[in-house]
Amino acid sequence: MRKLIFLCLGLVVLYSGYWLITARASERGIETWLNSRAAQGWQTEVASVKTRGYPLTFETDLTDLAIADPNTGLAAQTQRFSIKSKSYAPTKLHAQLDQNARISTPFQTIDITNENIGGTLFVEAGPALTMHRAAFDFINVTAKSNLDWGFTVDKASATAVRSEDNRLAHDITMNIENLAPVAAMMSRLNPDGILSDSFDSMKVDATVTFDKDWDITALEGPRPQPTHVVLRNVAATWGALDLRLAGDFKVDANGYPNGKIAVKATNWREMISLATTAGIIPQDLAPLAMSAGEMLAKLKGNSTTIDAELTLARGTISMGFLPLGPAPRITIR
């Protein structure tokens, strides 16, 4: 019996030593990464890096964190950011953002408040931490820009799963419930009161191929950039407006898409008015877009619905032979 007790005590001491060594190694690894970024000209400020969770969990908290990449101008700061893993599942990482955070670019600053923003990442063993699966949850999120736009989201989720056939391709899904632009933004988008206060739902089902792995170097830059996008289904419902997209396009070195997208839009006139107000369609092209919509709606015999195909090429969007405006650049900053 005494031998069994001493054996158990010995195992506890050994495990405690393992936990302490691993915890300190985690802290040093994060500090080393931050110091390396600082040596490359980044802003890296952190008040403390502490690990807790003994005996089965490693939860490392970074407090008063501020980090900025001079190459992209992207910066973030928050009072607390935590990374958690179980001692028996070290390649499953859970990240949790504080309820208040700020993201800055060279053009604007966005303040974010939330009840929950968290994600679970499944990574390969090794220092690169290459992601092969991820899931993110967002609850009661509010984002406000100093450029006088913003939104609230009741609930949203997103997943990314690396393809078995192509390690650079990821199957991505997204589901957003009750996304509502802030009042000032709604007054500009909806001056005639034709829209409800929030999107009823927005769903995305796509496969995106990138030019490199999503691993620790994605934080250091340059970020992985999309090279090919397959949209199986994009669906957005906003009051009486209903939009469905599906398509396949490549993304060139400048970030411009080249391919085709099938569009089905119910109450399309209001959508064109909304896109024009938001600046997506230039004001001088709005009459042309409206005329093209009228023609396409008549072809299908339903004046309120468009069922058509958009062509993305050479930095522009066109519907048949009618140009609609510039195509958006698809880049990750």
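Which residues does Thr237 touch, not counting residues up to four places away in sequence? The legends below describe a predicted model, and the first of them takes up this residue.

**Figure 1. Surroundings of Thr237 in strand E12.** Thr237 touches Phe199, Asp200, Ser201, Asp242 and Arg244, leaving aside residues up to four places away in sequence. With one of these residues, Asp242, the side chain of Thr237 makes a side-chain polar contact of 2.9 Å. The relative accessible area of Thr237 is 19%, which is under the 20% cut-off, so the residue counts as buried.

**Figure 2. Polar contacts of Thr207 in strand E11.** Strand E11 spans residues 199-210. The side chain of Thr207 is joined to that of Asp171 by a polar contact of 2.6 Å, and a further polar contact, of 2.7 Å, links the side chains of Thr207 and Arg232. Not counting residues up to four places away in sequence, Thr207 touches Ala169, His170, Asp171, His228, Val229, Val230 and Arg232. Thr207 is buried, with a relative accessible area of 14%.

**Figure 3. Antiparallel pairing of strands E12, E13 and E14.** Strand E12 (residues 226-238) runs antiparallel to strand E13 (residues 241-251), and nine bridges join the two. Within this pairing, Ala236 of E12 stands opposite Leu243 in E13. The two strands form a hairpin with two residues between them, and Gly239 in the turn has a positive phi of about 60°. E13 also pairs with strand E14 (residues 257-266), again in the antiparallel sense, over ten bridges. Here Val251 stands opposite Pro257 in E14. E13 and E14 likewise form a hairpin, with five residues between them, and in this turn Gly255 has a positive phi of about 90°.

**Figure 4. The largest nonpolar core and a second, separate core.** In soluble globular proteins, nonpolar side chains tend to be buried together. The largest nonpolar core of the model holds 38 residues, of which Leu231, Trp238 and Phe249 touch the most other members. Leu231 touches Asp205, Ala206, Ala246, Gly247, Phe249 and Ile261, residues up to four places away in sequence not being counted. A second core, separate from this one, consists of eight residues, among them Leu34, Trp42, Leu65 and Ile67.

**Figure 5. Aromatic pairs.** A pair of aromatic rings is described by the distance of the centres and the angle of the planes. The model contains three aromatic pairs. In one of them, the planes of Trp149 and Phe151 lie at 15° with the ring centres 6.3 Å apart, so the pair is stacked. Trp149 is partly exposed at a relative accessible area of 25%, and Phe151 is also partly exposed, at 26%. Phe210 and Trp214 form an edge-to-face pair, with 5.5 Å from centre to centre and 90° between the planes. Phe210 is buried, with a relative accessible area of 8%, whereas Trp214 is partly exposed at 25%.

**Figure 6. Arginine charges over aromatic rings.** The charged end of Arg133 sits over the ring of Phe122, at 3.9 Å from the ring centre. Over the ring of Tyr256 sits the charged end of Arg329, 5.7 Å from the centre of that ring.

Definitions and conventions
Residues are numbered from 1 along each chain as its sequence is written. This is a predicted model: local features need pLDDT of at least 70, side-chain atom pairs count only at pLDDT 80 or more; totals for chains, interfaces and linings use all residues. Side-chain values use heavy atoms; hydrogens and water are left out. A nonpolar core is a set of buried Ala, Val, Leu, Ile, Met, Phe, Trp, Tyr and Cys residues joined through side-chain atoms within 4.5 Å. Buried means under 20% relative accessible area, exposed over 50%, partly exposed in between (1.4 Å probe, protein chains only). Contact means heavy atoms within 4.5 Å. Two strands pair if DSSP finds at least two bridges between them. Helices (H or I, at least four residues) and strands (E, at least two) are DSSP runs, numbered from the N terminus. Rings of Phe, Tyr and Trp (its six-membered ring) pair if their centres lie within 6.5 Å; planes under 30 degrees apart count as stacked, over 60 as edge-to-face and the rest as tilted. A charge sits over a ring if NZ of Lys or CZ of Arg is within 6 Å of the ring centre and within 35 degrees of the ring normal. A polar contact is a pair of N or O atoms within 3.5 Å; within protein, one must be able to donate a hydrogen and the other to accept it, and residues adjacent in sequence count only if both atoms are side-chain atoms.
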